[in-house]
Amino acid sequence: MQSASVLLFAFLLCLSCFNCDSRNTITADNVLSKGETLVSAGEIFELGFFTTKSDDGESNDYVGIWYKVSPKTVVWVANKNKSIPISTELLVIAIDDDGNLKVLDSMRNSYFSTEVTSSSSNLKHTTKLLDSGNLVLIDDLSGKRLWQSFDNPTDTFLPDDKKQIDVPFFNLKNTLAATDSFSDANKLGRGGFGPVYKAWKLWMENKALDMMDPILVDTCTENEALKCINVALLCVQENSGDRPTMSNVIIMLGSESMVLPRPNHPAFVTRRNMASMSSSSSYKTYTADSNNELTITVGEGR
């Protein structure tokens, strides 16, 4: 039985060699072997095997999707939790007998599977790499998507990834109760238009948990609270280039092991370097007619 499996594997591997042109699909009789890649129709993304080296110097193979540009930027990894020893030479990405997309070696050891269960007797499926970076498993008969990589993200969210994110919303009644009708005593600050946030000061004093509502103590762990405060302060750093993107914010909040960077000064901390003001320019300050006492400084040439 084992020898028959090996022969079938070798047969499928030979079939894949007849199609060396760029393609974006994998079928039951057209596998993808190590050294070959799938390329999306618009040549935006590419899928295949790649090798990485761990800190201890050990090399392993992975299957992933990356932008088809240089340098290679991997955006999705199939077998992130099950690396393939570099010594495993015969590897394919194939539609197996059960209709699932799998990463197999010559002994039919599986390093990844879409794990789709189908009640249909039709197991003719096709895998396709789209220009959005989404890898999909399609039922050939109905055209239905049975599985897609967008539902199984690793560490990167792509622009067309419409995976829904649950965001909590609070109604006005609960907000009024929590803030004592927006009383000044409960106000943390007014951003750049008034008093500096207390959050930054408490963070620097290692007293960030003092911001936590006592009601939340029993339902929220300290580490989760500190993570949320850390991410929030990263989002208001003075240098906009240091601020994380929304996709990175989602990853930060959802990760159990990511080490978050220490936030820099928030944007509401104003710094003025008078020496940098050129003598060739004059500055006029206008005071807006508002309760926030907003001032606007406009530079004018001579």
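Which residues are buried in helix α5 (residues 246-254)? Hold on to that one for a moment.

First, the ground rules. This is a predicted model, where local features need pLDDT of at least 70, side-chain atom pairs count only at pLDDT 80 or more, and totals for chains, interfaces and linings use all residues. Residues are numbered from 1 along each chain as its sequence is written, and side-chain values use heavy atoms, with hydrogens and water left out.

Now the helix. The buried residues in α5 are V249, I251 and M252. Buried means under 20% relative accessible area; exposed means over 50%; partly exposed lies in between (1.4 Å probe, protein chains only). Helices are DSSP runs of H or I with at least four residues, strands are runs of E with at least two, and both are numbered from the N terminus.

Where do these residues sit around α5? They cover an arc of only 165° around the axis, so they are on the same side of α5. That arc is taken from the directions from the helix axis to the C-beta atoms. Turn to the face away from the buried side, and you meet the exposed residues M246 and G254. The cover over the buried residues of α5 includes α4 (222-234). 

Stay with α4. The side chains of K227 and E224 meet there in a salt bridge, 3.4 Å from N to O. A salt bridge here is a side-chain nitrogen of Lys or Arg within 4 Å of a carboxyl oxygen of Asp or Glu. Why do such pairs form? Side chains of opposite charge can pair when their charged atoms come close. K227 and E224 are three residues apart in helix α4, which means that about one helical turn separates them. K227 counts as buried, at 11% relative accessibility. E224 is partly exposed, at 30%.

Next, the sheets. Two strands pair if DSSP finds at least two bridges between them. One open sheet has four strands in the order β2-β8-β9-β10, with antiparallel pairing. Its edge strands are β2 (32-33) and β10 (110-113), and each pairs on one side only.

Look at β9 (101-105). How many of the five residues of β9 are buried? Five of the five, so β9 is largely enclosed by the rest of the structure. Both faces are covered: L101, V103 and D105 on one side, K102 and L104 on the other.

β9 has two partners to look at. With β8, the pairing is antiparallel over five bridges. I93 stands opposite V103 in β9. With β10, the pairing is antiparallel over three bridges. There, S110 is the bridge partner of L104.

Now the turns. The hairpin of β8 and β9 has five residues between the strands, and G99 takes a positive phi near 90°. The hairpin of β9 and β10 has four residues between the strands, and R108 takes a positive phi near 65°.

Back to K102, in β9. Its salt bridge with D96 has the closest N and O atoms 3.0 Å apart. D96 is buried, and so is K102. K102 has a relative accessibility of 14%. K102 also meets D98 in a salt bridge, 3.3 Å from N to O. D98 is partly exposed, at 34% relative accessible area. Add R108, and you have a network of salt bridges linking D96, D98, K102 and R108. The structure holds six salt bridges.

One more residue: N100. Where is N100 placed? N100 is in the loop between β8 (91-95) and β9. N100 is buried, with 3% relative accessible area. A polar atom of the N100 side chain lies 3.0 Å from the backbone nitrogen of E115. Contact means heavy atoms within 4.5 Å. Leaving aside neighbours within four places in sequence, N100 is in contact with A94, I95, S113, T114, E115, V116 and L137.

L137 takes us to the other sheet. In β13, W147 is the bridge partner of L137. β12 (residues 135-139) and β13 pair in the antiparallel sense over three bridges. They belong to an open sheet of four strands, ordered β1-β11-β12-β13, with antiparallel pairing. Its edge strands are β1 (25-26) and β13 (145-148), each pairing on one side only.

That is the tour. Over to you.

Terms used:
Polar contact = N/O pair within 3.5 Å; in protein donor to acceptor, adjacent residues only side chain to side chain.
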